[in-house]
Amino acid sequence: MSATTKNLIFVTGNAVGEYKAVAQELSRNLYKSVYLDHPCTPAYHYQTTKDLAAEQSYFFSQVLFYGSLPSRKNIVVSIPDLSMKAILQFLILFEDIKKYVFVVVDDRSFITTFGKQRYMD
């Protein structure tokens, strides 16, 4: 794996928010960055659980590929239901890489509020 420091930037928000647009804008404006969109389609949209597992596996292989490239310093991930479990998955994936982790919460909607209990899982 790469010896350079990586920035893992998680952008999350509620369903009516603009968190994906925020994540894309961050990746466009940050030096040497890549944008990855976490598959957030509900499980019932897939034919089988095997299809869902394949989609998740494909996403994490993309993350690992781009994260190991020395030409990528910032990995911006948009993920709607960010939890401590998801953050730990990324930390384990990048175990051998020196990294900084940032969480950006886009909660500009008045309909729902970002719950702190998500990080208590």
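Here are three short exercises, with worked solutions, on the predicted model shown above.

**Exercise 1.** Find which residues of the largest nonpolar core touch the most other members, and which elements supply at least two residues of this core.

*Solution.* Start with the core itself, which has 16 residues. Those touching the most other members are Phe10, Phe59, Ile75, Val77, Phe90 and Phe94. Next, turn to the elements: strands S1 (6–13), S2 (33–37) and S3 (74–78) each supply at least two residues, and so do helices H2 (49–68) and H3 (84–93). Apart from this core lies another one, of 5 residues, including Ile9, Val11, Tyr19 and Ala23. As a general background, nonpolar side chains in soluble globular proteins tend to be buried together.

**Exercise 2.** Work out which way the residues of S1 point, and whether they are buried or exposed.

*Solution.* Take one side of S1 to begin with: Lys6, Leu8, Phe10 and Thr12 point that way. Asn7, Ile9, Val11 and Gly13 point the other way. Side chains in a regular strand alternate between the two faces of the sheet. Now check burial, with the cut-off at under 20% relative accessible area. In S1, 8 of the 8 residues are buried, so the strand is largely enclosed by the rest of the structure.

**Exercise 3.** Identify the strands that pair with S1, and how many bridges join each pair.

*Solution.* Look at S4 (residues 99–106) to begin with: S1 runs parallel to S4, joined by 8 bridges. Within this pair, Leu8 stands opposite Val101. Then move to S3, which pairs with S1 in the parallel sense over 5 bridges. Here Asn7 stands opposite Asn74.

Terms used
Residues are numbered from 1 along each chain as its sequence is written. This is a predicted model: local features need pLDDT of at least 70, side-chain atom pairs count only at pLDDT 80 or more; totals for chains, interfaces and linings use all residues. Side-chain values use heavy atoms; hydrogens and water are left out. A nonpolar core is a set of buried Ala, Val, Leu, Ile, Met, Phe, Trp, Tyr and Cys residues joined through side-chain atoms within 4.5 Å. Buried means under 20% relative accessible area, exposed over 50%, partly exposed in between (1.4 Å probe, protein chains only). Helices (H or I, at least four residues) and strands (E, at least two) are DSSP runs, numbered from the N terminus. Two strands pair if DSSP finds at least two bridges between them.
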